[in-house]
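Got the viewer open? Let's walk through this one stop by stop, selecting as we go.

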Amino acid sequence: MKKTDIKNFVQTLKNTYPDATCSLDFKTPFQLVVAVMLSAQCTDERVNKTTPALFERCKTIQDFADIDLQDLEQIIHPCGFYKNKAKNIKLCAKQVLENFDGKVPQTMKELLTLAGVGRKSANVILLEAFGIANGIAVDTHAKRVSNRIGLSSEKDPEKIEQDLLKTFPKEYLKDINHLFVWHGRKCCTSRNPHCENCKVKTYCNFYSSSKK
Ligand code: SF4
């Protein structure tokens with residue numbers, strides 16, 4: 001994409017999804033860490049139905065470290081993979097308390113030392129909890145949108161992120177993080193994407209090749 005195309009492309013998506021933001025509910029950085037962990041292989045909607053009871057029970061990071069593992073598993077059960085997620089949440093809470101003085105760290109390098117936090121989660125945490133947009137969280141929606149439009153031919157999310165970072169200047173990263181997820185959910189759906197109604201179809205390889 002040319003520089004002017006990039007600007008128009010992002011602006012078109014912004015006009016289409018003016019309310020695009022993170023859909024996970026949280027009040028503190030550590031609550032976001034937990035919500036992001038729970039959202040793996042689970043919808044944000046389900047996570048948001050599960051976290052109120054969890055955050056009521058665990059009010060501090062120490063509470064997350066101390067909660068009985070089986071109690072935690074029971075509360076987060078609806079989010080799936082609950083055994084692994086519960087183990088990671090408790091360990092992550094201990095790591096934040098012991099290694100970071102009880103404060104969620106604000107660098108990619110440090111976040112990646114926490115149990116259950118990978119690069120995608122770290123990008124979400126940096127952006128949503130601290131307003132730091134140095135990367136792009138490539139989830140299943142961002143991956144699909146990037147591949148179809150032709151912004152990346154890679155399958156690995158980290159490689160897709162690198163391709164996106166080469167295309168989009170830093171000032172667009174915050175928006176791109178939200179817009180690709182929203183576009184993937186609402187228009188560029190996994191099955192039967194709504195191409196005819198898509199506002200960015202003129203930039204899309206998938207669309208142009210379907211017309212040949
Ligand atoms: S034209 Fe179709 S495939 Fe391309 S971005 Fe839009 S919805 Fe997705």
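Start by selecting Pro29, Leu32, Val33, Val36 and Met37 in helix 2, then add Ser121, Val124, Ile125, Glu128 and Ala129 in helix 8: these two sets meet each other. Colour that selection by class and you'll get eight nonpolar residues, one polar and one charged. Before going on, keep in mind that you're looking at a predicted model.

Now show the two helices whole: helix 2 covers residues 29–38 and helix 8 covers residues 119–130. Their axes sit 10 Å apart, and the packing angle is about 145°. Turn the view to look through the pair, and you have a right-handed crossing.

Next, zoom out and colour by domain. The domain assignment puts 29–130 in domain 2, while domain 1 is made of 3–20 plus 136–210. From one C-alpha centre to the other it's 28 Å.

Where do the two domains touch? Eight residues on the domain 1 side are in contact with five on the domain 2 side. To find the domain 1 side, select helix 10 (157–167) and helix 11 (173–186), the elements that give two or more residues to it. By class, that side of domain 1 has four nonpolar residues, one polar and three charged.

Keep helix 11 on screen and bring up helix 9. This pair packs with axes 8 Å apart at an angle of about 85°. Angles of 65 to 115 degrees count as roughly perpendicular, so helix 9 and helix 11 are roughly perpendicular to each other. For the contact itself, pick His141, Ala142, Arg144, Val145 and Ser146 from helix 9, and Phe180, Val181, His183, Gly184 and Arg185 from helix 11. The mix here is four nonpolar, four polar and two charged.

Last stop: the ligand. Which residues are closest to the ligand? Select Cys188, Cys195, Cys198, Cys204 and Tyr207 and you have them, out of 14 residues that surround the ligand. Helix 9 (140–149) turns up again here, along with helix 12 (205–210), as the elements that give two or more residues to the shell. Helix 9 supplies the largest share, three residues. Colour the shell by class to finish: 11 nonpolar residues, one polar and two charged.

Technical notes. Residues are numbered from 1 along each chain as its sequence is written. This is a predicted model: local features need pLDDT of at least 70, side-chain atom pairs count only at pLDDT 80 or more; totals for chains, interfaces and linings use all residues. Domain bounds come from an automatic or database domain assignment. Two residues are in contact if their C-beta atoms, placed from the backbone, lie within 7 Å. Helices (H or I, at least four residues) and strands (E, at least two) are DSSP runs, numbered from the N terminus. Ala, Val, Leu, Ile, Met, Phe, Trp, Tyr, Cys and Pro count as nonpolar, Asp, Glu, Lys and Arg as charged, and the others, Gly among them, as polar. A residue is near a molecule or strand if its C-beta atom, placed from the backbone, lies within 6 Å of it. Axes are lines fitted to C-alpha atoms, for helices over the stretch in contact, and angles run from 0 to 180 degrees between N-to-C directions. Angles under 35 degrees count as roughly parallel, over 145 as roughly antiparallel, 65 to 115 as roughly perpendicular and the rest as oblique. A crossing is left-handed if the near helix is turned anticlockwise from the far one by less than a right angle, and right-handed if clockwise.
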